[in-house]
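Let's take a walk through this one together, from the overall outline down to a few individual side chains. Have a look at the sequence and the fold first.

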Amino acid sequence: GNTLKTQSVNYGSNATPPATPTRVGYTFNGWSGSYNNITSSRTITATWKINSYNVTFVDGLGNTLKTQSVNYGSNATP
């Protein structure tokens, strides 16, 4: 919900996006719309893909009991 950049652009011109944003636990996935050929006011939003991680449960002998993909901030199920 943070404003990264505001700019005035002449009719039909292209806007310049800000530097690639960062967000803990997510990967930047691009912008929600075009910033080329601007002919009216618009809001363009950063889109994100949540990071996922593999969690592997191993017994005391090194045998894999279960592996699952878990999204950032979520819990694995033993």
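How much accessible surface does the protein chain have, and what share of it belongs to carbon and sulfur atoms? The total is about 6,100 Å², with 46% of that on carbon and sulfur. Keep in mind as we go that this is a predicted model.

Start with the outline. The C-alpha trace of the protein chain spans about 65 × 20 × 15 Å along its principal axes. The radius of gyration tells a similar story: a compact globule of 78 residues would come in near 12 Å, but this chain has 20 Å. Burial is worth checking next, and buried residues make up 12% of the 78 in the chain. As for contacts with a sequence separation of 6 or more, 19% of them join residues 24 or more positions apart.

Now for the secondary structure. There are four strands and zero helices, so reading from the N terminus you simply get β-β-β-β. Ahead of β1 (26-31) comes a segment that holds L4. Is L4 buried or exposed? Neither, quite: its relative accessibility is 48%, so L4 counts as partly exposed. Setting aside residues up to four places away in sequence, L4 touches P18, P21 and W31. Compare that with Y72, which is 68 residues from L4 in sequence and sits 24 Å away in space, C-alpha to C-alpha.

W31 brings us to the aromatics. The whole structure has three aromatic pairs. One of them is F28 with W48, an edge-to-face arrangement at 5.7 Å centre to centre with 75° between the planes. This pair links distant parts of the chain, since F28 is in strand β1 and W48 is in strand β2, 20 residues apart. Add W31 and you have one aromatic cluster of F28, W31 and W48. How accessible are the two rings of that edge-to-face pair? F28 has 23% relative accessibility, so it counts as partly exposed, and W48 at 25% is partly exposed too. The cut-off matters here, because buried means under 20%.

Step into the loop between β1 and β2 and you'll find S32. With 46% relative accessibility, S32 counts as partly exposed. Its contacts beyond four places in sequence are T43, I44, T45 and T47. Take T43 as an example: S32 and T43 are eleven residues apart along the chain, and their C-alpha atoms are separated by 8.8 Å.

Further along, N51 has its place in the loop between β2 (46-50) and β3 (52-58). Which side chain does N51 join through a polar contact of 2.6 Å? That would be T27. Leaving aside neighbours within four places, N51 is in contact with G25, Y26, T27, V70, N71 and Y72.

That leaves the last two strands. β3 and β4 (residues 64-71) run antiparallel and are joined by seven bridges. To get your bearings in that pairing, look for N54, which stands opposite S69 in β4. The hairpin these strands form has five residues between them, and G62 takes a positive phi near 90° there.

Notes:
Residues numbered from 1 in each chain as written. Predicted model: local features only at pLDDT ≥ 70, side-chain atom pairs only at ≥ 80, totals over all residues. Heavy atoms only, no water. Helix = DSSP H or I, 4+ residues; strand = E, 2+ residues; numbered from the N terminus. Rg over C-alpha atoms; globule rule 2.2 N^0.38 Å. Buried < 20%, exposed > 50% of the residue type's maximum accessible area, 1.4 Å probe, protein only. Contact = heavy atoms within 4.5 Å. Areas by Shrake-Rupley, 256 points an atom, 1.4 Å probe, with all protein chains shown as cover. Polar contact = N/O pair within 3.5 Å; in protein donor to acceptor, adjacent residues only side chain to side chain. Pairing = 2+ DSSP bridges. Phe/Tyr/Trp six-rings, centres within 6.5 Å; stacked < 30°, edge-to-face > 60°.
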